[in-house]
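Me: Please walk me through how this structure is put together. I would like to start with the domains, then go on to the sheets and the helix packing.

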Amino acid sequence: MSTMKKSFSHLVLPLSVMALLIIINLVKGADYFRITMVNGALYGNIPNILFGASELVILSIGMTLVTASSRGQDISIGESATITSAIFVQYVLQASEVTPLTIVVAFLLSCVGGLVLGAFNGTLVSIFKVQPMVASLILFTGGRSIAFMIDGKLSPILANDISNKIGTVIPGIPIQTPIILTVVFIVLIAVVFKTTNLRLYVETVGINPNAARLNGINPKKIIFLTFLIMGFCSAVAGFIAVNKAGRHDSVNLLKLIMMDAILAVAIGGNSLGGGKFSITGSIIGAYTIEMLNRTLLRLEIEPAMIKVFKAIFIIILMVVASPVARAYFTKVLDKVRSSNKRKESIPKDAHIPTTNIAVKKEE
Amino acid sequence: MKKALSIMLILVLLGAGVLFAAGVKETAGQTKIGIVNLPPEESGYRQANVEDMNTVFSTANGYDAKQTNTGDNSEQIAAAKGYIRDGVDYLLISAANASGWDDTLKSAKDAGIKVILFDRAIDTDASNYQAAILSDMGYEGKKAVEWVLSLGLNKINLILIRGQMGSAAEIGRSAAVLEAAKAGKLNIVADGTGGDSWSLEEARKVVEAAIAAGKDFNVIYAQNDGMAQGAVQALEAAGISHGKGGKVKVIGFDFNRFALRNVQAGYWDADMQCNPRQAAEIAKWIKSGTIPSGIVYQEELLLTTDTITDELIDKWGINADPGKGVVTR
């Protein structure tokens, strides 16, 4: 029991934030969880959230690892995804006929692109010891121009049947494809962490790189590896995003998504200063952010004010779920519990005359 | 010794560069033009705009044109000052920021250079520039709302999807809708924004929220094509019919070719132009020698499923053409 409590305690923050949002949504309308079938696919608020958050979930997984090992953030993830998806689109468009094989090859090519970009950031951070945010600032600044050049200075259209199915639903399968791809990706990451010592190495490097080096773990290699994984995550996110949009808009694709990804890592209960991490927390954090965005729309906040409200919500959520507030709540809870216990114990001894107790106390 | 040598080397190189540059500049009889513009990767609109400037003011057409593309206002001003020093005949400006241009424009005026603003206005005295050729966002909005009102719907329940809040395009394109709603001509059931990046995903969420709230609507007014696409994706996923003969009428802005193809296929209903091709008009002015003064608004089109043709898509569309019959789902 206590071990279970321990392994889930880091999820208190993201889960309590999510619970708060669910309560707000249920107050607004009791039909929040209603799911219907539309054109052979599940439709409702929950499928919409899962669908909308797919890229963010994948990117926040990579961001968690980069944060844990390098004690900094990669701010170029949206731009990396834009470049890799540009590669994907260019390969698909040059094919005379789009077959599933074309898509797979194009996806693998974009993954190679993602790994190259990850290696670029990783080299700067691990070997040249540039701070992650500064290192990724280079791609953040120039990335969209590079993607724009790959696109041939246009916004190419991805209007083939297979891309459309990847972006929406495959007939016969009741769940939207991006949701399935996200689940597959999460499972893949889970398997990697179950079968390797990656978690231990990353946490060790994040907590103290020197101690890690003395114990035979090369911090440079581990940091480089996490940036490679980040590059791969970017490629997958770019793949999903561009197939969803059906068009490669190098200017706006996944713009400023790193802000939400970093926030997801923080809501997930992870320290932005590196070290111990929880991917589950980040995933819940990512879905929570998507839920928050949609909650604001559900509450019909006027467009000019929506960002202010988002900021206020985040502050409230973070404060309510912060360790300080939690400690206070547990203290209050304990008090309530102990007073309850006292009340409960009174009826047990009800047959004893009250004078007796007074006498006993005096003794 | 080494230092002296390196300084000498630099001087020699510099001198050679100046000589070379002087040798290249052999442009007698050509109209000298300096163009200060925003970078093409800003948007599809800008891409078409920059390309149009390049083709119209080419050497073959008798122009010696130089173009600076940057989104930084101070860099733009520096470039404009450079062109003034070079002694260009005309200075064409699309400013990143509407303020801070007074001195530059005055020095151009003193040097006898005619300044023509395009696409974006500058907050300055009208005497500081010769002419400004602009898109009237308010006019675009009015024309689009006229179309909405002409649909003959029993009751208009409209979803308004705005662009970047406070941008000239958002203000202009929203104004007509808000005015019509005030006058009771239409009913705004949901009012959302695609945010600073005019985001497809955000637009999609706005429509999804309206559907989830059980709102009844029959018009989507999205202030650019990308957001209209996102809105239609939301309708598709929810199984709501749209386009020609459908329940929900969809209008976008900007005349991206993919959007026009969607209109042509009856997947959307209409698209409103925002014309990036000011160069031809400006060239006409320069050739004729009579340049109007003050602000000139461009004539802009609204195309519907009935009025759209291949020629119009080819002539007025911007960005990549997916081909006839292709819709972006």
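Reply: Happy to; domain bounds, which we need at the outset, come from an automatic or database domain assignment. This is a predicted model, where local features need pLDDT of at least 70, side-chain atom pairs count only at pLDDT 80 or more, and totals for chains, interfaces and linings use all residues; side-chain values use heavy atoms, leaving out hydrogens and water. Residues are numbered from 1 along each chain as its sequence is written, while chains are lettered from A and ligands numbered from 1 in the order in which they are written.

Me: How far apart are the centres of domain 1 of chain B and domain 2 of chain B?

Reply: Chain B is divided into domain 1 (29-129) and domain 2 (137-275 + 303-316). Taken over C-alpha atoms, the centres of these two domains of chain B are separated by 33 Å.

Me: And what distance lies between the C-alpha centres of domain 1 of chain A and domain 2 of chain A?

Reply: The assignment for chain A gives domain 1 (9-321) and domain 2 (326-362). Between the C-alpha centres of domain 1 of chain A and domain 2 of chain A lie 51 Å.

Me: In chain B, an open sheet of six strands has parallel pairing; which strands stand at its edges?

Reply: Strands (E, at least two residues) and helices (H or I, at least four) are DSSP runs numbered from the N terminus, and two strands pair if DSSP finds at least two bridges between them. The order in this sheet of chain B is E2-E1-E3-E4-E5-E11. Two of these strands have a single partner strand each, so one side of each is left without a neighbour in the sheet: E2 (63-69) and E11 (294-297) of chain B.

Me: What is the average twist from one strand to the next?

Reply: Axes are lines fitted to C-alpha atoms (for helices, over the stretch in contact), and angles run from 0 to 180 degrees between N-to-C directions. From one strand to the next, the twist averages 20°.

Me: Which residue in E2(B) stands opposite B:Val36?

Reply: Strand E1 (residues 31-37) of chain B pairs with E2(B) in the parallel sense, over seven bridges. Opposite B:Val36 in E2(B) stands B:Thr68.

Me: Which strands does helix H3 of chain B touch as it packs on the sheet?

Reply: Contact means heavy atoms within 4.5 Å. Helix H3 (residues 73-86) of chain B has a direction that makes about 170° with that of E1(B). The strands H3 touches are E1, E2 and E3 (90-93) of chain B.

Me: Chain B also has an open sheet of six strands with mixed pairing; which strands stand at its edges?

Reply: Its order is E7-E6-E8-E9-E10-E12 (chain B). Each edge strand has a single partner, so one side of each is left without a neighbour in the sheet; the edge strands are E7 (187-193) and E12 (302-304) of chain B.

Me: By how much are neighbouring strands of this sheet turned against each other on average?

Reply: The direction of the strands is ignored for this value. The average turn between neighbouring strands is 15°.

Me: Which residue in E10(B) stands opposite B:Gly252?

Reply: Strand E9 (residues 249-253) and strand E10 (residues 270-272) of chain B run parallel and are joined by three bridges. Opposite B:Gly252 in E10(B) stands B:Asp271.

Me: Over in chain A, at what angle do helix H4 and helix H10 pack?

Reply: Two packed helices are described by the angle between their axes and the distance between the axes. For H4 (residues 54-70) and H10 (residues 198-207) of chain A, the axes are 6 Å apart and the angle is about 45°.

Me: What orientation do H4(A) and H10(A) therefore have to each other?

Reply: Angles under 35 degrees count as roughly parallel, over 145 as roughly antiparallel, 65 to 115 as roughly perpendicular and the rest as oblique. A:Leu65, A:Ala68 and A:Ser69 in H4(A) meet A:Val202, A:Val205 and A:Gly206 in H10(A). The orientation of H4(A) and H10(A) is therefore oblique.

Me: Which residues in H14(A) does H3(A) meet?

Reply: The axes of H3 (residues 45-52) and H14 (residues 279-298) of chain A come within 9 Å and cross at roughly 125°. On the H3(A) side the contact has A:Asn45, A:Asn48, A:Ile49, A:Leu50 and A:Gly52. Their partners in H14(A) are A:Tyr287, A:Glu290, A:Met291, A:Arg294 and A:Arg298.
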